[in-house]
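Trainee: Pick one part of this structure and go through it closely with me. Start from a single residue and work outwards. Keep it brisk.

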Amino acid sequence: MTMGTVQGAGVVVTGAGGGIGAALARRFAAQGARVVVNDLDLARIEPLAKEIGGIAVAGDASGTVDAAREALDGTIDVYCANAGLASPGDAFADEDVWAAAWDVNVMAHVRAARALLPDWLERGSGRFVSTASAAGLLTMIGAAPYSVTKHGAVAFAEWLSLTYRHRGIKVHAICPQGVRTDMLTAAGSAGELVLAPGAIEPDAVADALFEAMDADRFLVLPHPEVADYYQARAADPDRWMRGMNRLQRQWEEGSGA
């Protein structure tokens, strides 16, 4: 992996069966990286691996590091923790919904970091990319498990960055709003109200990541307006929550929630 490029880098992308993951895998491969694509279902990633000249490694994202490292001849330079669950629901969502969201959206990142960090710290380089969400900086109506766990994903990525950046570890948190993927469909009527009007294509997310890598920037904001929302939320939390509550009521009135 040469400075400023990913030429020859060993890259892993979890949740690469479609959407943002597939877009990231294509972009890294186009830039000359050696790419492992991961998904629970091998049939979802085999065509992509063939298309980009990559390697398909099926299985749970939480345990993919060892197999991916072996497939890349022992070295992972960039790890994209992209697999995620949309997990709509409120405070009364079933315990298994909360548990699954926590496991995939947060703990899979923690487990990957545990497996990656010893090697990265020894050689003084490595790049961890967390696909979080604008919901992890703001929140999302109608999706308590998703919002809470995406906050967790951002917090863990932030912790990794502030803890290890002086030791050569680069970390990026991707925080888009609506992206035209299966997860947007899974967001239901709340997604239609809040996310669909400004939804972008997955390729735009890959563009934003590469721009952030070039700039050595932690937050990756494919929707630049999220920075303004984030600042407004921090400057006046009560005003922000009143505005979000108005959006909640609008959604309830329109959906019968």
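**From one side chain to the strands**

Mentor: Arg26 has a relative accessible area of 37%, which makes this residue partly exposed. Keep in mind throughout that the model is predicted. What does the side chain of Arg26 meet in a salt bridge? The partner is Glu51, with N and O 2.7 Å apart. Arg26 belongs to helix α1 and Glu51 to helix α2 (residues 42-52), so the contact ties together parts that lie 25 residues apart in sequence. Glu51 is partly exposed as well, at 49% relative accessibility. The cut-off for exposed is over 50%.

That salt bridge is one of eight in the structure. In general, oppositely charged side chains can pair when their charged atoms come close.

Stay with helix α1 a moment. There are four aromatic pairs in the count. One of them joins Phe28 to Phe210, with 4.9 Å between ring centres and 55° between the planes, a tilted arrangement. Phe28 sits in helix α1 (residues 19-30) and Phe210 in helix α8 (residues 202-215), so this pair bridges 182 residues of sequence. Are these rings buried or exposed? Phe28 is buried, at 0% relative accessibility. Phe210 is buried too, at 13%.

Now compare a pair within one helix. Phe156 and Trp159 have ring centres 6.4 Å apart and planes at 10°, so they count as stacked. The limit on centre distance is 6.5 Å, and stacked means under 30 degrees. Both residues lie in helix α5 (residues 144-164), three residues apart, or about one turn of the helix. Phe156 is buried, with 17% relative accessible area. Trp159 is partly exposed, at 41%. Together with Tyr164 these two residues form one aromatic cluster.

Helix α5 leads on to the strands. Strand β5 (residues 126-131) and β6 run parallel, joined by six bridges. Within this pairing, Val129 stands opposite His172 of β6. The chain leaves β5, passes through α5 and arrives at β6, in a right-handed β-α-β crossover. Gly126 is also placed by a bridge, with Ile169 as its partner in β6.

How enclosed is β5? Six of its six residues are buried, so this strand is largely enclosed by the rest of the structure. In a regular strand, side chains alternate between the two faces of the sheet. Here one face of β5 carries Gly126, Phe128 and Ser130, and the other carries Arg127, Val129 and Thr131. All of these residues are buried, and both faces are covered.

Step across to the other neighbour. Strand β4 (residues 78-81) runs parallel to β5 and is joined to it by four bridges. Ala81 stands opposite Ser130 of β5. This crossover is right-handed too: the chain goes from β4 through helix α4 (residues 95-123) to β5.

Helix α4 brings the charges back. Arg123 and Asp77 meet in a salt bridge, N to O at 3.2 Å. Arg123 lies in α4 and Asp77 in the loop between α3 and β4, so the link ties parts 46 residues apart in sequence. Asp77 is buried, at 9% relative accessible area. Arg123 is partly exposed, at 33%. Asp77, Arg123 and Asp119 are linked in a network of salt bridges.

Helix α3 (residues 65-71) has a salt bridge to show as well, and this one stays within the helix. Arg69 pairs with Asp66, the closest N and O atoms being 3.4 Å apart. The two residues are three apart, about one helical turn. Here Arg69 is the buried member, at 18%. Asp66 is exposed, at 54%.

Last, go back to β6 (residues 169-174). This strand is mostly covered, with five of six residues buried. On from β6 comes a pairing with strand β7 (residues 219-220), parallel over two bridges. Ile174 has Val220 of β7 as its bridge partner.

That is the route from one side chain. Trace it in the model: Arg26 to Glu51, then Phe28 to Phe210. Then follow β5 through α5 to β6.

Terms used
Residues numbered from 1 in each chain as written. Predicted model: local features only at pLDDT ≥ 70, side-chain atom pairs only at ≥ 80, totals over all residues. Heavy atoms only, no water. Phe/Tyr/Trp six-rings, centres within 6.5 Å; stacked < 30°, edge-to-face > 60°. Buried < 20%, exposed > 50% of the residue type's maximum accessible area, 1.4 Å probe, protein only. Pairing = 2+ DSSP bridges. Right-handed = clockwise from strand over helix to strand, strands pointing away. Salt bridge = Lys/Arg side-chain N within 4 Å of Asp/Glu carboxyl O.
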